[in-house]
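Got your viewer open? Grab the mouse and follow along, one selection at a time.

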Amino acid sequence: MTKITTSTSQLHSAPLLTLLISAAFSPTSIANVNYADSSGFSITNVSESHAPIEVVYSHFIEHVDMWWPKDHTWWKGSLRIDEQAGGCFCETSDNASAVHMLISYVEPQKKVIMTGGLGPLQEMGVTGALTWEFSTIEGNTPKTKVTLTYHASGNIHFDGNKASNEDAAKLVNVVDKVQAQQLNALTTFSDTN
């Protein structure tokens, strides 16, 4: 179990927390926190691909196991996205399995909404809507813009003690940077495959 010290409390969480903290120092991270306090947050990240929208969307759904960073998983297992309402963004490894999020809305090549709490947010009981929006950028060669927004609510806490707004904002900044990495992984994969 990983133990991380914050300015006012201790946080014990799953192995994903190590990734969250290391991502805070990633040079490719983009800070786009709309708001953050101890009762929730909103994050938006945007990335572009030179690939057309149908390719980016196909990679998003059909090849998530190839582009999603394996160190952003519970066991470096196999990932899948079921492209239907009620479907699963799931991971399996041997006899272990996890629901990363549930699919609540699918409009192919336009929008997918997933609900739940990612990584250590699950254990905190923090849940939200993770929205993936795909749009075409017109030009000589059309490109694709992917906007990733995560609106989450629930009491952010460390060891059962409600976080201060300052400590919650620090955690959310790390979550934002991890999401920027995930989004950039999709658009980079689409550019090269």
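Before we go ring-hunting, here is the rule: two rings of Phe, Tyr or Trp (for Trp, its six-membered ring) make an aromatic pair if their centres lie within 6.5 Å. Planes under 30 degrees apart are called stacked, those over 60 are edge-to-face, and the rest are tilted. Keep in mind that this is a predicted model.

**Stop 1: the rings**

Searching the whole structure turns up 9 aromatic pairs. Select F41 and Y150 to see one of them: their ring centres sit 5.4 Å apart, with 80 degrees between the planes, so by the cut-off of over 60 the pair is edge-to-face. What does this pair tie together? F41 belongs to strand β4 and Y150 to strand β10, so the two rings link parts that are 109 residues apart in sequence. Now, are these two buried or exposed? F41 is buried because its relative accessible area is 0%, and Y150 is buried too, at 0% relative accessibility.

Next, pick Y57 and F60. This pair is tilted, with 6.2 Å from centre to centre and 45 degrees between the planes. Both residues are in helix α2, 3 residues apart, so about one helical turn separates them. Y57 counts as buried at 5% relative accessibility, and F60 is buried with a relative accessible area of 0%.

Keep those two selected and add W67, W68, F89, W132 and F134. Together with Y57 and F60, they form one aromatic cluster.

**Stop 2: the sheet**

Switch to a cartoon view. Here you can trace an open sheet of 8 strands, paired antiparallel, in the order β3-β4-β10-β9-β8-β7-β6-β5. Which strands are at the edges? They are β3 (33-37) and β5 (78-81), each of which pairs on one side only. Going from one strand to the next, the twist averages 20 degrees.

Zoom in on β7 (residues 96-107) and β8 (residues 111-116). These two run antiparallel and are joined by 5 bridges. For a spot to look at, find I103, which stands opposite M114 in β8.

**Stop 3: the helices on the sheet**

Now show helix α2, residues 53-62. This helix packs on the sheet and touches β4 (40-49), β5, β7, β8, β9 (127-137) and β10 (143-153). Its direction makes about 155 degrees with that of β9.

Then show helix α5, residues 165-192. Helix α5 also packs on the sheet, with β3, β4, β9 and β10 as the strands it touches. The angle between its direction and that of β4 is about 20 degrees.

**Stop 4: one residue up close**

While you're on helix α5, select T187, which is found there. T187 counts as buried because its relative accessibility is 3%, under the 20% cut-off. Which residues does T187 touch, leaving aside those up to four places away in sequence? They are S47, E48, S49 and V146. Now look at N184: its backbone oxygen lies 3.3 Å from a polar atom of the T187 side chain.

**Stop 5: the disulfide**

Last selection: C88 and C90. How many disulfides does the structure hold? There is 1, and it joins C88 to C90, with 1.4 Å from S to S in the model. In general, a disulfide is a covalent bond between the sulfur atoms of two cysteines. Rotate the view and look along the S-S bond: with 70 degrees about it, the link between C88 and C90 is right-handed. Both C88 and C90 are buried.

Methods. Residues are numbered from 1 along each chain as its sequence is written. Side-chain values use heavy atoms; hydrogens and water are left out. A disulfide is a pair of cysteine sulfur atoms within 2.5 Å. Buried means under 20% relative accessible area, exposed over 50%, partly exposed in between (1.4 Å probe, protein chains only). Two strands pair if DSSP finds at least two bridges between them. Helices (H or I, at least four residues) and strands (E, at least two) are DSSP runs, numbered from the N terminus. Axes are lines fitted to C-alpha atoms, for helices over the stretch in contact, and angles run from 0 to 180 degrees between N-to-C directions. Contact means heavy atoms within 4.5 Å. A polar contact is a pair of N or O atoms within 3.5 Å; within protein, one must be able to donate a hydrogen and the other to accept it, and residues adjacent in sequence count only if both atoms are side-chain atoms.
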